[in-house]
Amino acid sequence: DWSSDVCSSDLTLAKDLKPVASVCLVIGDNEYEEQCVGDGQYDAFVKAIWKIYDQLGKQRPVLTDYVVSIPPGGK
């Protein structure tokens, strides 16, 4: 069973810098942490998750129940 739960995540956005996501996943009985830069916060978050799964040699998960919200004025 390769289902996972997010034990923590931190998304950082600073002027003139690319967004960064730090993600901790619980997979089975183990915790895995990664940090990635992305074109946006969502991109950085997904890249961090993919990096964990790639390092484990497992197929990347398919997100089936999620919502992406962009604040007013965002692109």
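**Exercise 1. Work out the secondary structure of the chain and the order of its elements.**

Step 1. Count the elements: the chain has one helix and three strands. Helices (H or I, at least four residues) and strands (E, at least two) are DSSP runs, numbered from the N terminus.

Step 2. Now read along the sequence, and the pattern is β-β-β-α.

Step 3. Keep the source in mind: this is a predicted model, in which local features need pLDDT of at least 70 and side-chain atom pairs count only at pLDDT 80 or more, while totals for chains, interfaces and linings use all residues. Residues are numbered from 1 along each chain as its sequence is written, and side-chain values use heavy atoms, with hydrogens and water left out.

**Exercise 2. Describe how β2 and β3 are joined, and find the residue with positive phi in their hairpin.**

Step 1. Strand β2 (residues 20-27) and strand β3 (residues 30-37) run antiparallel, joined by eight bridges. For two strands to pair, DSSP must find at least two bridges between them.

Step 2. Pick out a facing couple: Val 26 stands opposite Glu 31 in β3.

Step 3. Look at the turn. The hairpin has two residues between the strands, and Gly 28 takes a positive phi near 65° there.

**Exercise 3. Find a residue with positive phi that is not a glycine, and say where it is.**

Step 1. The residue is Asp 16, with a positive phi of about 70°.

Step 2. Asp 16 has its place in the loop between β1 (4-12) and β2.

Step 3. Is Asp 16 buried or exposed? Asp 16 counts as exposed because its relative accessibility is 74%. The cut-offs are under 20% relative accessible area for buried and over 50% for exposed, with partly exposed in between (1.4 Å probe, protein chains only).

**Exercise 4. List the residues of the largest nonpolar core and trace them to their elements.**

Step 1. Start with the rule: a nonpolar core is a set of buried Ala, Val, Leu, Ile, Met, Phe, Trp, Tyr and Cys residues joined through side-chain atoms within 4.5 Å.

Step 2. The largest one has 12 residues: Ala 21, Val 23, Leu 25, Ile 27, Cys 36, Ala 44, Phe 45, Val 46, Ala 48, Ile 49, Ile 52 and Tyr 53.

Step 3. Two elements, β2 and α1 (41-55), give two or more residues to this core. The most come from α1, with seven residues.

Step 4. Set this beside a general tendency: in soluble globular proteins, nonpolar side chains tend to be buried together.

**Exercise 5. Follow the surroundings of Cys 36 and Val 20.**

Step 1. Cys 36 has its place in strand β3. Cys 36 counts as buried because its relative accessible area is 12%.

Step 2. Leaving out residues up to four places away in sequence, Cys 36 touches Pro 19, Val 20, Ala 21, Ala 44, Lys 47, Ala 48 and Lys 51. Contact means heavy atoms within 4.5 Å.

Step 3. Cys 36 and Ile 49 are 13 residues apart in sequence, and their C-alpha atoms are 9.0 Å apart.

Step 4. Move to Val 20, in strand β2. With residues up to four places away again not counted, Val 20 touches Asp 10, Leu 11, Thr 12, Gln 35, Cys 36, Val 37 and Ala 44. The C-alpha atoms of Val 20 and Asp 10 are separated by 8.2 Å.

**Exercise 6. Give the overall span of the chain and its buried share.**

Step 1. The C-alpha trace spans about 40 × 25 × 20 Å along its principal axes.

Step 2. Of the 75 residues, 21% count as buried.
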